[in-house]
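Trainee: Please take a close look at the aromatic rings of this model and at what surrounds them. I would like one connected account.

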Amino acid sequence: MSESAAETTTAIASEMIYPSSDVIERARLKDWDALARYAADNLEGFWADEASELGWYQPWEKVLDDSNPPFFRWFVGAKCNIIHNALDRHQATERRNKLALIWVGENGSVRTYSYFALNREVNQFANVLKAMGVKKGDRVTIYMPRIPEIVIAMLACAKIGAVHSVVYGGFSVDALQGRIEDSESKVAITADGGWMNGKVVELKKTMDEAVKHCPTIETVLVVQRTGHQVNMETGRDYWYHDLMKLPIASPKCATEVMDADDPLYMLYTSGTTGRPKAILHVHGGYMVGIYATLKYVFDLRDDDRWWCAADPGWVTGHSYIVYAPLIMGATSFMYEGAPTYPYPNRWWSLIEKYGINVLYTAPTAIRGLMRFGESWPHRHDLSSLRLLGSVGEPINPEAWRWYHRVIGGGRCPIMDTWWQTETGMFMITPTPVVPLKPGSGTRPFFGQEAEILDEAGNPAPDEEEGYLVLTKPWPAMMRTIYKDPDRYVRQYWSKYPGKYLAGDSARRDKDGYFWIIGRVDDVIKVSGYRLGTAEIESALVSHPAVAEAAAIGLAHEIKGQAIHAFCILRQGYQPSPALADELRTHVGQHLGPIAKPEAVNFVDKLPKTRSGKIMRRVLKARAQGLPEGDVSTLEE
Ligand code: WTA
């Protein structure tokens, strides 16, 4: 993706799209520059203002403690719980009767929750978790389809101070098992399945396989979604609906009082090398960061219906389906299934039917829907839409224009938000009044500064590609990698001491707008999902035919990037199209369907450094017919 994106973005870098007077009229924040100046001069003051709009059990003594970088602490001395803001606070106001969640299943079932009803069910489930022995600080693994209970499970954990670790429902056994092992969860929550593309995704079966090798798991709680037969192990597995009927599931539950820097959740993500690592987020700073960003960027109002179409299993869902909209008191819309099921107008019909005002999705989804043509969206009244959003990868200008013109009717600004699991919140993003350039996330959010550096750490000239770094701390920043603080320092803060290394390459243009080009590490973005080459490679070598493997990402029209694998076979195995297929399926079964390689190539040798590290960069250049660059470290 990176090369082609870079080319096209240059061509239109001069195109500027200004907000209409309607947009400016409606915007909560009209003077972007004034607030940006204030926050730049007064970082702690800006964040203290935002924090003051939320509820705290006990105020902070210090906004930011930067005495031990990169282990920054925010709102030091404060007591809080994100649930106090997401649910408790609303119960005493008229929001209590407002819809918090509208959910539509792929098979057409609909469920709605008022703030009152959601709070009640969260309390009940929190009490169930307590009865299962879950205590403050315990980890709970959640592996569920896109149904309301995933939201309820996350909120219930947070309520009692347990740390949730959500594993995306599209992952399979190896990925799930590795994440449960690392987190040492006692309890896992899953479902009998979920609907996707008219088929049942058998999550319970995968969970059964995974927990076979995870001795820490004592209890598996199972939500009934599809009603098909699953194995329930006596003494370990319990149905959610059975437990919720018992006296233990009382609808009253006190919210645990947490320190601002107590952990809220961990979320595994793929990094440069090795196994996925757990990014740790906390209650206090995180809630302030996601609240302020959703408020300013999507300008969410009380009467808005917000649809973040991501999966709750990724950070986008954590921050902007589950927590921030609830803190704002908004109505969130959630849809279980595939955008094209049963027809490519499913999303557009949902926007019309539920009067969605803001849609936030990924470029890959837009490209995927674009290919079915304009007639599908044109059959629907999309006039309720007021703002659009994009996240996950650079949006190519063609998709940007289609989204803007066909979906947004030319009147909805597109908020292209650049951020990461690690950042917790939007970092480079416009607000509705900021003039847009298709393909650019514009400028850093209030209080933040970004730079483009060359290899030696010097600022790159305008328009030149370099490493993207962030130079100011922000409240929703990750606090550490779970169980591995050294890796946190090494990976993010060591290349350029004192600066946060994002792992992306980018350019800044003469107007100060940032253009993200893509990852510079061993992360592949498939349909916006973040996968590590190491994970894919270890799935490949777990097949008896494979001696060695390397995976790279190559440009793909819809997915952004697709996985291409290169395998050296063990003696006694012959390359064949059938074996290539078998290996693709093998990766899909072990890691998850999203990780299935587009192509498996058989090779005799892999380009390696003298120290034995695979040079994926060289493989990539070869595959694209490009020059191989500096190969002085190549062993061959
Ligand atoms: C990429 C997703 C361009 C980037 C929230 C980043 C983007 C990685 C954008 C993080 C965007 C995310 N434009 N690229 N608007 N948003 N990215 O952790 O490469 O799943 O480093 O977080 O996605 O992926 P993650």
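Mentor: Trp47 has a relative accessibility of 1% and therefore counts as buried, the cut-off being under 20%. The model is a predicted one, and that applies to every value here. The ring partner of Trp47 is Phe445, and the pair is tilted, with 6.2 Å from centre to centre and 40° between the planes. Phe445 is buried as well, at 2% relative accessibility. In sequence the two are 398 residues apart: Trp47 belongs to helix H4 (residues 43-52), while Phe445 sits in the loop between strand E20 (414-416) and strand E21 (450-453), so the pair links distant parts of the chain.

A second pair involves that loop. Tyr320 and Phe426 have ring centres 4.1 Å apart and planes at 20°, so this pair is stacked, since planes under 30 degrees apart fall in that class. Phe426 is in the loop between E20 and E21 and Tyr320 is in helix H12 (residues 315-328), so parts 106 residues apart in sequence are tied together. Tyr320 is buried at a relative accessible area of 0%, and Phe426 is likewise buried at 0%.

These are two examples from a total of 44 aromatic pairs. Elsewhere, ring pairs join Phe71, Phe72, Trp474, Tyr488, Tyr492, Trp493 and Tyr500 into a cluster.

Helix H12 also holds Thr316, which is buried at 11% relative accessibility. Apart from neighbours within four places in sequence, Thr316 has contacts with Cys308, Ala310, Ile321, Tyr360, Val391 and Trp419. Two aromatic residues, Tyr360 and Trp419, are thus among the contacts of Thr316.

Some rings have a charge over the face. The charged end of Arg443 is placed over the ring of Trp32, at 4.1 Å from its centre. Arg111 lies over the face of Trp103, and here the distance to the ring centre is 5.1 Å.

Trp103 leads to the sheet. Its bridge partner in E17 is Met334. The strands concerned, E4 (residues 99-104) and E17 (residues 331-335), run parallel and are joined by 4 bridges. They belong to an open sheet of 7 strands with mixed pairing, in the order E5-E4-E17-E16-E18-E19-E20. At the edges are E5 (110-114) and E20, each of which pairs on one side only. From one strand to the next the twist averages 20°. Helix H6 (residues 115-131) lies across E4 and E5, and runs at about 90° to E5. E20, at the other edge, is the strand that precedes the loop holding Phe445 and Phe426.

A further tryptophan, Trp515, is found in a hairpin strand. In E25, Trp515 is the bridge partner of Arg507. Strand E24 (residues 500-508) runs antiparallel to E25, with 5 bridges between them. The two strands form a hairpin with 5 residues between them, and Gly512 in the turn has a positive phi of about 80°. Of the 6 residues of E25 (residues 514-519), 5 are buried, so the strand is largely enclosed by the rest of the structure.

Note on methods
Residues numbered from 1 in each chain as written. Predicted model: local features only at pLDDT ≥ 70, side-chain atom pairs only at ≥ 80, totals over all residues. Heavy atoms only, no water. Phe/Tyr/Trp six-rings, centres within 6.5 Å; stacked < 30°, edge-to-face > 60°. Buried < 20%, exposed > 50% of the residue type's maximum accessible area, 1.4 Å probe, protein only. Lys NZ or Arg CZ within 6 Å of the ring centre and 35° of its normal. Contact = heavy atoms within 4.5 Å. Pairing = 2+ DSSP bridges. Axes fitted to C-alpha atoms, helices over the stretch in contact; angles between N-to-C directions.
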